[in-house]
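Reader: I would love a close look at one part of this model, with its surroundings explained as you go. Could you walk me through it at an easy pace?

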Amino acid sequence: MEPADADAYFGKVLRGSPSGTRLARAQALTTYFLFLELRHKVELHRMTGRVAECPIGEMNRPRGSKDAQLRIPPTGPEVKALFTGWGGEPATCRKFTPTARNYTASKLMSQVGLRVSEACKIDLADIKIKWDLGRFGKLHVRHGKGARGSGPRERMVPLINGADRTLRWFIEDVWGQFDDDHTRPGAPLFPSERKNSDGSSRRIGDDALRNGLAAAAKAHLPGWADTLTPHVLRHFCASELYLEGLDLLGIQEVLGHSWIATTMRYIHVQQTRVEDAWVSGQQRSAKRLEGLMG
């Protein structure tokens with residue numbers, strides 16, 4: 001991709017798009033090329049003879065009143081502290097079932113990157129624990145966010161990263177205290193305390209899960225009390241999966257992104273990664289010099 005390609009994309013393809021969309025796409029491309037420069041610049045030059053450079057500059061960068069928001073998630077130890085403290089609440093709190101439900105939903109967001117709207121719309125029957133669907137089972141997300149208003153986009157999310165154990169505990173030990181019919185068609189995975197006219201539990205709403213996470217952050221991770229949201233947990237999930245070795249295409253599939261560049265915006269590496277890579281490079285150079293001098 002050359003600057004002329006970016007000119008055509010923003011000047012023609014996205015000419016009539018909202019400024020927020022243009023800014024978000026520009027940020028996604030900028031982040032992607034930054035990734036290429038930091039991780040693969042030397043390798044790409046060796047393979048192609050070309051230098052990886054961002055095609056978006058001051059001349060063709062979309063203008064707007066706001067920049068695309070960058071959500072930096074908490075660290076792994078911070079999130080662990082949140083869920084460790086929160087996980088102890090159901091044993092002592094006054095309302096066991098809603099606390100356990102909110103904990104499970106947020107835990108699932110941090111493990112497999114569910115959107116809060118997706119979590120609310122999952123049915124109990126959408127959990128597929130079968131060996132032919134992978135060793136951990138799958139979660140059928142039927143109401144995923146579609147690209148460019150295309151409508152719900154379905155995907156099968158593997159229950160990796162401990163998500164299978166999280167769901168098994170909730171279904172076996174908690175769900176039955178909301179509702180007594182596991183086989184009822186349309187039974188929600190995360191029920192509300194409110195009941196339908198037939199006595200079955202209603203589906204939980206976005207606000208209840210958001211408020212549950214906000215209260216837990218205030219109690220167990222006060223440094224993030226005003227900034228930890230379900231979407232930040234989604235960024236955390238992407239970052240942790242990447243650090244654990246899952247490739248970008250795998251993370252894109254888990255999160256349900258249409259663009260790999262969008263997935264890149266969700267990945268945040270440790271602040272010391274560049275320094276650590278530089279130190280490692282210096283150590284390799286020193287060893288090579290020792291070999292030559294020896």
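Author: Happily! Please keep in mind that this is a predicted model. Let us start with Val79, which sits in helix H3, the run from residue 76 to residue 87. Is Val79 buried or exposed? With a relative accessible area of 5%, Val79 is buried, because anything under 20% counts as such. Setting aside residues up to four places away in sequence, Val79 touches Pro74 and Phe236. Gly176 lies 97 residues from Val79 along the chain, and 28 Å separates the C-alpha atoms of the two.

Now to helix H2, which deserves a longer visit. H2 covers residues 19–48. How far apart are the end C-alpha atoms of H2? For its 30 residues, the ends are only 35 Å apart, whereas a straight helix at 1.5 Å a residue would reach 44 Å. Along the way, H2 bends by about 85 degrees at His40. Just after the helix comes Gly49, with a positive phi of about 80 degrees.

Which residues of H2 are buried? They are Arg22, Leu23, Arg25, Ala26, Ala28, Leu29, Thr31, Phe33, Phe35 and Leu36. Several other helices help to cover these buried residues, including H1 (3–13), H8 (230–243), H9 (248–255) and H10 (260–265).

H2 also takes part in a pocket. The second largest pocket holds about 270 Å³ of space. Its lining is made up of 13 residues, and those closest to the centre are Met1, Arg50, Val51, Ala52 and Glu53. Which helix gives the most to this lining? That is H2, with four residues. Sorted by class, the lining of the second largest pocket has nine nonpolar residues, three charged ones and one polar one.

One more residue is worth a stop on this tour. Thr97 belongs to helix H4, which spans residues 96–112. Thr97 has a relative accessibility of 16% and therefore counts as buried, the cut-off being under 20%. What does Thr97 contact beyond its neighbours within four places in sequence? Its partners there are Val174, Gln177 and Phe178.

To bring the view back to H2: when you turn the model, you can look for the bend at His40, then follow the chain to Gly49 just after the helix, and on to Arg50, Val51, Ala52 and Glu53, which are among the residues closest to the centre of the second largest pocket.

Definitions and conventions
Residues numbered from 1 in each chain as written. Predicted model: local features only at pLDDT ≥ 70, side-chain atom pairs only at ≥ 80, totals over all residues. Heavy atoms only, no water. 1 Å grid on protein atoms, 1.4 Å probe; cavity = no way out; pocket = protein on both sides within 12 Å on 5 of 7 lines; lining within 4 Å. Points joined across faces, edges and corners; volume = space filled by probe spheres on them. Helix = DSSP H or I, 4+ residues; strand = E, 2+ residues; numbered from the N terminus. Nonpolar A, V, L, I, M, F, W, Y, C, P; charged D, E, K, R; others polar. Expected span 1.5 Å × (residues − 1). Bend = angle between axes of the 7 residues up to and from the residue. Buried < 20%, exposed > 50% of the residue type's maximum accessible area, 1.4 Å probe, protein only. Contact = heavy atoms within 4.5 Å.
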